[in-house]
Amino acid sequence: MRNFIWSLLLFTSGILMSFSQTKNIEKGTYLSTNKGQKIKLNLLDDNKYELVFYTGGYEIKGDSLVFIKNANSENRFDLSFVNDKRAKNIKIKFLDPSYYSFYIGTQKGTEDIQYQKLSDIKTKLDPEWTKTDLEFEIDKADFLYLVYEEYDGKSNVAKYALPKDAAEITINYELEVLGDLKIAGFYDRKTNELKISEKGGKNPLVFQNEKDVQPVKTSKVTPLENKIVSNWTYPGKADYLNEDYGTGAAAVDSVASAAVVDYAVDPNYTKFDFKLKIENNLKKAIESTKEANNNKFLVVLANNKNKSAKESFDAFVKEQETQAGYNMYDAYNPQYDVFNYYLAGDDDKKWLKSNKITNDPSVFVLNGNGDVLALAKSDLSDKSYQLNYYGDFYRKLLRADAFVSIDKIFKNKKAADAELIKAFNKAAVLETSYDYDSDYTLDDPNSTEFVITKAAVDKKEIAQTWKKLIEAHQKDAKPNLYLAETIVKEIKNQGFTKQLFNEDRILNDTDYLAIDYLLKHSDAIEENREAFNNKEGETHTLGNVVSEISSALQQNIYISQEGASGEVNKEKNISIYKKIIALGKGNFESYRNYFDYLSQIEDKDGSNTNFLKEFSTYFDSNLASEKGSPVEKLDAIYSSLDPTSSYSYDGWNAFKDYHSNLCNSTAWTVVLKPQNAAFLKSAIVWSEYSLVVTKNNPYYLDTLAQLYYKDGQKEKAITTQALAVKYLNKDVEEVTASEIRETLSKMQNGTY
């Protein structure tokens with residue numbers, strides 16, 4: 001945690017220094033430009049500031065907050081190209097490389113990669129290091145490699161396909177501010193704080209949730225490959241680290257040569273001989289794309305005015321085949337085969353006109369049904385970097401395809417039931433995006449960038465169609481796994497409603513009917529979901545539906561819609577949880593979410609009696625132990641956890657701590673709320689249990705002491721509170737420590 005705080009302070013200092021040199025600083029919100037790591041600085045009216053970091057997604061699992069790293073942050077090289085057919089060499093402009101370890105490599109075809117260290121180039125061209133940016137030239141090549149070598153031995157290695165006519169390349173590298181942190185959070189009910197720290201770290205920080213997430217700016221140029229390599233090297237690369245520390249030339253040579261054996265290109269390496277199937281007419285090309293799979297697209301070039309279009313098209317296709325072959329290595333892999341290609345001819349002019357494709361040249365992308373998903377006023381010369389599996393452009397096409405498909409299905413009044421389900425599912429399984437509209441329009445009418453198709457869809461019609469679909473399947477003898485997965489996504493606010501309209505919803509009657517469908521078929525879904533998730537050519541992530549339902553109910557309480565909150569469904573949600581338990585499907589995850597839900601909902605009299613009753617039943621059935629150790633019973637529950645559970649990943653200690661904290665926080669509500677006095681005796685048992693599992697915890701001792709005092713066991717209370725004071729340490733906040741000491745004084749002088 002110390003490193004995390006230190007890097008935070010260093011960066012804060014940098015911000016303040018840069019603003020101190022600016023005239024007329026305005027109050028308001030400022031955003032950083034770090035790709036994948038948006039940082040927001042709020043300058044407030046009362047001369048206060050807020051510095052907010054956010055880099056990815058998150059999941060709420062009970063009291064735990066699980067952070068999901070943003071995959072885009074790994075690609076921190078930002079490239080822009082200038083093309084000129086007359087250029088003999090390529091001019092490189094690397095913006096502010098400073099003293100960091102950057103390398104640049106070039107490769108012609110399958111030849112060996114030729115690397116140079118940027119600092120060596122800079123020393124030759126600018127011995128005094130007087131210039132901020134570095135400008136130099138490289139020979140023409142097919143591929144460009146950029147490497148950032150970190151001090152921990154890991155290196156960010158990115159590979160780019162170079163346009164044939166590339167004349168200038170401007171390169172910028174966005175240094176990661178916080179590094180690859182493994183952070184996690186939990187909600188401390190005793191202090192009402194959300195604490196964030198590195199896993200296993202101390203001195204947690206407290207952050208506020210940011211609802212209006214800003215879209216992350218992505219680079220227009222996407223690498224063909226982007227990976228982190230430990231001990232990255234290449235033939236002839238000097239070991240600068242060992243040289244600096246004087247380990248001797250012999251040692252340097254031995255280390256370098258040992259690493260080269262690992263990394264050097266195998267002379268026997270051969271790529272898979274991959275060939276694209278190029279059809280001789282558009283109809284066949286579309287049919288061939290449709291037959292492949294749902295996630296494949298057809299790229300069409302219309303370039304009738306260019307006499308050498310066929311030659312350029314064939315060369316482009318050959319390059320794509322070569323690159324795909326290297327990615328596949330030694331056998332066909334459909335993962336890298338996501339685009340078919342077709343060169344439009346004279347016979348296609350009528351089709352082009354009817355689809356309003358009038359620019360020449362044009363590049364457009366079709367799905368297997370012949371729908372236009374993207375259009376660019378250009379040829380293929382600068383599009384190779386986008387047309388690969390790795391690129392963000394491919395993800396945008398998947399989204400556009402889902403939108404167009406669902407729109408067409410709704411307009412087709414004769415659409416079959418199975419088609420409707422597949423259309424809903426196609427939209428539901430898309431990756432969550434915070435950048436829904438930025439790629440649909442371009443301000444520059446002469447731009448050569450792709451414009452993504454956006455289909456208009458009617459919210460009411462979609463809701464009505466979905467309702468009829470759910471009602472029609474209530475009597476199914478067997479579950480439809482596509483429907484089940486779509487329901488799960490929808491009730492978790494990750495499904496088609498979120499994807500199409502970027503809205504979160506409070507659960508409605510259709511959702512509860514859909515939940516009944518999942519519960520009815522939960523056993524059959526569980527038996528078949530592994531095979532469903534591994535369906536060839538498709539992507540599915542259907543989890544255990546009982547756990548998914550309980551998680552969705554717990555999360556929905558925080559959703560607001562048209563002035564109402566998820567609390568309006570309190571009785572319905574409680575009935576679903578009780579139904580899960582009554583069916584014997586109450587696993588740990590469902591209980592955990594149920595308790596978290598109930599703890600957030602007060603009863604009408606200000607108590608939380610419903611929660612205490614349910615917890616008492618769970619405690620007596622699962623945790624209390626008249627014979628043997630309570631820890632043994634906990635271990636039995638832990639052994640039965642679903643492998644996908646966060647606690648299965650976080651380990652036994654986190655699982656144990658959850659239960660001791662749960663018992664303490666539940667007992668603490670009896671201390672705080674006089675309306676819960678009927679549970680005083682039970683609360684003492686729960687509090688004592690928390691200290692059996694986690695010994696000498698000052699928070700837990702404080703809770704137990706106050707319960708003893710309220711129960712009339714004053715001497716026992718004072719003794720226990722004295723132990724709470726005794727075990728205070730630097731991890732306890734000073735305000736809380738003062739309160740614990742003050743409580744002891746009040747108990748001792750009779751003023752508690």
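Student: Before anything else, what do helices and strands mean here?
Tutor: They're DSSP runs numbered from the N terminus: helices are H or I with at least four residues, and strands are E with at least two. This is a predicted model, where local features need pLDDT of at least 70 and side-chain atom pairs count only at pLDDT 80 or more, while totals for chains, interfaces and linings use all residues. Residues are numbered from 1 along each chain as its sequence is written, and side-chain values use heavy atoms, with hydrogens and water left out.

Student: OK, how many helices and strands does the protein have?
Tutor: There are 25 helices and 24 strands.

Student: And how much of the protein is buried?
Tutor: Of the 752 residues, 47% are buried. Buried means under 20% relative accessible area, exposed means over 50%, and partly exposed is in between (1.4 Å probe, protein chains only).

Student: What about contacts, say between residues 24 or more positions apart?
Tutor: Such pairs account for 68% of the contacts with a separation of 6 or more. A contact means heavy atoms within 4.5 Å.

Student: Let's look at a strand. What are the two faces of E7 like?
Tutor: E7 has a covered face with Ile90, Ile92 and Phe94. Its uncovered face has Asn89, Lys91 and Lys93. In a regular strand the side chains alternate between the two faces of the sheet.

Student: Which strands are joined to E7?
Tutor: Strand E10 (residues 134-139) is joined to E7 by six bridges, and the two run antiparallel. Strand E13 (residues 166-173) is joined to E7 by four bridges, and that pair runs parallel. Two strands pair if DSSP finds at least two bridges between them.

Student: So what does isoleucine 92 stand opposite in E13, and what is its bridge partner in E10?
Tutor: In E13 isoleucine 92 stands opposite isoleucine 169, and in E10 its bridge partner is phenylalanine 136.

Student: What comes after E7 in the chain?
Tutor: There's a loop between strand E7 (89-94) and strand E8 (101-107), and aspartate 96 sits in that loop. Phi of aspartate 96 is near 45°, a positive value in a residue other than glycine. Aspartate 96 counts as partly exposed, at 42% relative accessibility.

Student: Where else is there a positive phi in a residue that is not a glycine?
Tutor: Lysine 356 has one, at about 60°. Lysine 356 is in the loop between H7 and E20, and it is exposed, with a relative accessible area of 72%.

Student: What else is in that loop?
Tutor: Proline 361 is there too, in the loop between helix H7 (349-354) and strand E20 (362-366). A cis peptide bond joins aspartate 360 and proline 361, with omega about 10°.

Student: Which sheet does E20 belong to?
Tutor: E20 is in an open sheet of five strands, in the order E19-E18-E20-E21-E22, with mixed pairing. Strand E19 (339-343) and strand E22 (451-452) stand at the edges, each with a single partner strand, so one side of each is left without a neighbour in the sheet.

Student: How is E20 joined to E21?
Tutor: Four bridges join E20 to strand E21 (residues 372-376), and they run antiparallel. One of the partnerships is leucine 366 with valine 372 in E21.

Student: Switching topic: where is serine 590, and is it buried or exposed?
Tutor: Serine 590 is in helix H17 (residues 588-600). Serine 590 is buried, with a relative accessible area of 3%.

Student: What does serine 590 touch?
Tutor: Leaving out residues up to four places away in sequence, serine 590 touches Val546, Ser550, Tyr577, Ile580 and Lys585. The C-alpha atoms of serine 590 and isoleucine 549 are separated by 8.0 Å, and the two are 41 residues apart along the chain.

Student: And aspartate 273, buried or exposed?
Tutor: Aspartate 273 is exposed, with a relative accessible area of 53%. Its place is the loop between helix H4 (249-263) and helix H5 (282-292). The C-alpha atoms of aspartate 273 and tyrosine 332 are separated by 8.7 Å, with their positions 59 residues apart along the chain.
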